[in-house]
Amino acid sequence: MTLTFLLLLAAALFCTGLFGVLTQQSVVMLMMGLELMIGAVIVAASAAWRHLAPADAGGQVVVVLAVTAMALEMAVGFAVVTALFRTGEKDLTDQAAELRG
């Protein structure tokens, strides 16, 4: 795989995730868009590492940290969605804004 192909793939993933974040009102769909965007960053970082400095282990560390951040974001996000739904059966972003004091 070439660097150009991988960067185009990352750009397509990022744009799809951005579209999802900007157009969806469901909190779960919003989080899925964010996951696509983080996945695009991971693909771009790993592609850049592989083609620019394959002998350096620093790129692998960045990818592992990004995957860890993605997993933490999903865990916290689903905990927040569960808490929102339990408090008032709210699952849309507009409804969640009504929960402020």
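**Contacts and helices in a predicted model**

Colleague: Which residues does Glu-35 touch, not counting residues up to four places away in sequence?

Modeller: Keep in mind that this is a predicted model. Glu-35 sits in helix H2. Leave out the residues up to four places away in sequence, and Glu-35 touches Met-70, Glu-73 and Met-74.

Colleague: Is Glu-35 buried or exposed?

Modeller: Look at the relative accessibility of Glu-35, which is 14%. The cut-off for buried is under 20%. Therefore Glu-35 counts as buried.

Colleague: Which other residues of H2 are buried along with Glu-35?

Modeller: Helix H2 covers residues 27-52. Set Glu-35 aside, and the buried residues of H2 are Val-27, Met-31, Gly-33, Met-37, Gly-39, Ala-40, Ile-42, Ala-47 and Trp-49.

Colleague: How far apart are the end C-alpha atoms of H2?

Modeller: Start from the 26 residues of helix H2. At 1.5 Å a residue, they should span 38 Å. The model agrees with that, because the end C-alpha atoms are apart by 37 Å.

Colleague: How far does helix H3 reach from its first C-alpha to its last?

Modeller: Helix H3 runs over residues 58-88 and has 31 residues. The expected value at 1.5 Å a residue is 45 Å. The reach from first C-alpha to last is close to that, at 45 Å.

Colleague: Which residues of H3 are buried?

Modeller: Use the cut-off of under 20% relative accessible area. In H3 it picks out Gly-59, Val-63, Ala-66, Met-74, Gly-77, Val-81 and Leu-84.

Colleague: Is Phe-78 buried, partly exposed or exposed?

Modeller: Phe-78 is found in helix H3. Its relative accessible area is 37%. Buried needs under 20% and exposed needs over 50%. So Phe-78 is partly exposed.

Colleague: Which residues is Phe-78 in contact with, leaving aside its neighbours within four places in sequence?

Modeller: Phe-78 and Val-27 are 51 residues apart in sequence. In space they are 9.1 Å apart, C-alpha to C-alpha. Leave aside the neighbours within four places in sequence, and Phe-78 is in contact with Val-28 and Met-31.

Colleague: How far apart in space are Gly-20 and Met-31, C-alpha to C-alpha?

Modeller: Gly-20 lies in helix H1. Gly-20 is buried, with a relative accessible area of 14%. Met-31 is one of the buried residues of H2. The two are eleven residues apart in sequence, and in space their C-alpha atoms are apart by 8.9 Å.

Colleague: Which helix gives the largest share of the nonpolar patch?

Modeller: The patch is made by Phe-14, Leu-18, Leu-22 and Val-41, and covers about 370 Å². Val-41 has its place in helix H2. Val-41 is partly exposed, at 47% relative accessibility. The largest share, three residues, comes from helix H1.

Colleague: What percentage of the chain is helix over residues 61-85?

Modeller: The unreviewed UniProt entry annotates residues 30-49 and 61-85 as "transmembrane region". Over residues 30-49 the end C-alpha atoms are 29 Å apart. Over residues 61-85 the end C-alpha atoms are 36 Å apart. There the strand share is 0%, and the helix share is 100%.

Colleague: What pattern does the protein chain follow along the sequence?

Modeller: The protein chain has four helices and zero strands. Read along the sequence, that gives the pattern α-α-α-α.

Notes:
Residues are numbered from 1 along each chain as its sequence is written. This is a predicted model: local features need pLDDT of at least 70, side-chain atom pairs count only at pLDDT 80 or more; totals for chains, interfaces and linings use all residues. Side-chain values use heavy atoms; hydrogens and water are left out. Helices (H or I, at least four residues) and strands (E, at least two) are DSSP runs, numbered from the N terminus. The expected span of a helix is 1.5 Å times one less than its number of residues. Buried means under 20% relative accessible area, exposed over 50%, partly exposed in between (1.4 Å probe, protein chains only). UniProt positions are given in the numbering used here, feature names are shortened, and annotations may be inferred rather than shown by experiment. Patches are made of residues with over 30% relative accessible area and no salt bridge: like charges are joined within 9 Å, nonpolar side chains (Val, Leu, Ile, Met, Phe, Trp, Tyr) within 5 Å. Accessible areas come from the Shrake-Rupley method with a 1.4 Å probe; for residues, only the protein chains shown count as cover. A salt bridge is a side-chain nitrogen of Lys or Arg within 4 Å of a carboxyl oxygen of Asp or Glu. Contact means heavy atoms within 4.5 Å.
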